[in-house]
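Dear colleague,

Please find the structure below, handed over for your consideration. My findings follow it.

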Amino acid sequence: VMPALFCITGYKNVGKTTLTERLVREISSRGLIVSTIKHAHHRVDIDQSGRDSFRHREAGAREVALVSGARWALMHELRGEAEPPLSEILSRLSPCDIVLVEGYKQDSHPKIEVRRTGVDRPPLADKDESVVAIACDHDVPDAHLPVFHLDDVAGVADFILDHVGLEPAS
């Protein structure tokens with residue numbers, strides 16, 4: 001069964017990560033299992049130069065699993081392949097109730113657009129019909145979508161869960 005999927009999108013430095021973190025905490029507290037996917041535009045490395053797992057990748061391993069008693073991570077080297085689509089990453093996640101995706105602006109999944117005063121960029125909602133709500137720190141006159149204050153995490157969570165058809169676990 002595919003989990004529910006909802007994206008948190010917006011420009012750089014508007015508070016996407018903070019909102020995502022707060023939503024994970026809020027939705028998890030309601031008894032639901034939440035996973036996240038964070039899209040990065042820069043070369044990301046969760047490994048450290050000189051570490052054994054780093055040396056395995058540098059030697060040419062396609063995938064390196066790093067496993068401890070507390071967590072595990074799987075690093076997959078693309079080695080020139082195209083970045084995988086969101087659907088492929090979703091298929092690799094363990095079962096959960098909902099996946100919150102930070103980024104993937106171009107995808108057509110339902111999104112909440114995060115806006116912040118001082119970040120003067122054109123609203124994404126004007127051009128992207130998959131934006132179904134706005135979370136921001138200011139009033140949005142003439143908004144044609146539901147608008148939430150960035151600090152109304154419970155309200156945003158209620159909206160997301162209702163939008164994807166999920167009920168809190170009892």
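**Strands 3 and 4**

In this predicted model, strand 3 and strand 4 (residues 72-76) run antiparallel and are joined by 5 bridges. Together they form a hairpin, with 4 residues between the two strands. Within this pairing, alanine 65 of the chain stands opposite leucine 74, which belongs to strand 4.

**A nonpolar surface patch**

The hairpin also bears on the surface. Valine 67 lies in strand 3, which covers residues 63-67. With a relative accessibility of 61%, valine 67 counts as exposed, because the cut-off for that class is over 50%. Val67 forms a nonpolar patch on the surface with Trp72 and Leu74, and the accessible area of these residues together is about 360 Å². Leu74 of this patch is the residue that stands opposite alanine 65.

**Cysteines**

How many disulfides does the model contain? The count comes to 0, the rule being that two cysteine sulfur atoms must lie within 2.5 Å. Cysteine 7 is in no disulfide: the nearest cysteine sulfur is that of cysteine 96, 13 Å away. Why does cysteine 136 have no bond to the closest cysteine sulfur? That sulfur, in cysteine 7, is 19 Å from the sulfur of cysteine 136, which is too far for a bond.

As to their surroundings, cysteine 7 counts as buried because its relative accessibility is 0%. Cysteine 136 likewise counts as buried, at 1% relative accessibility; the cut-off for buried is under 20%.

With kind regards

Note on methods:
Residues numbered from 1 in each chain as written. Predicted model: local features only at pLDDT ≥ 70, side-chain atom pairs only at ≥ 80, totals over all residues. Heavy atoms only, no water. Patch = residues over 30% accessible without salt bridge, like charges linked within 9 Å, V, L, I, M, F, W, Y side chains within 5 Å. Areas by Shrake-Rupley, 256 points an atom, 1.4 Å probe, with all protein chains shown as cover. Salt bridge = Lys/Arg side-chain N within 4 Å of Asp/Glu carboxyl O. Buried < 20%, exposed > 50% of the residue type's maximum accessible area, 1.4 Å probe, protein only. Pairing = 2+ DSSP bridges.
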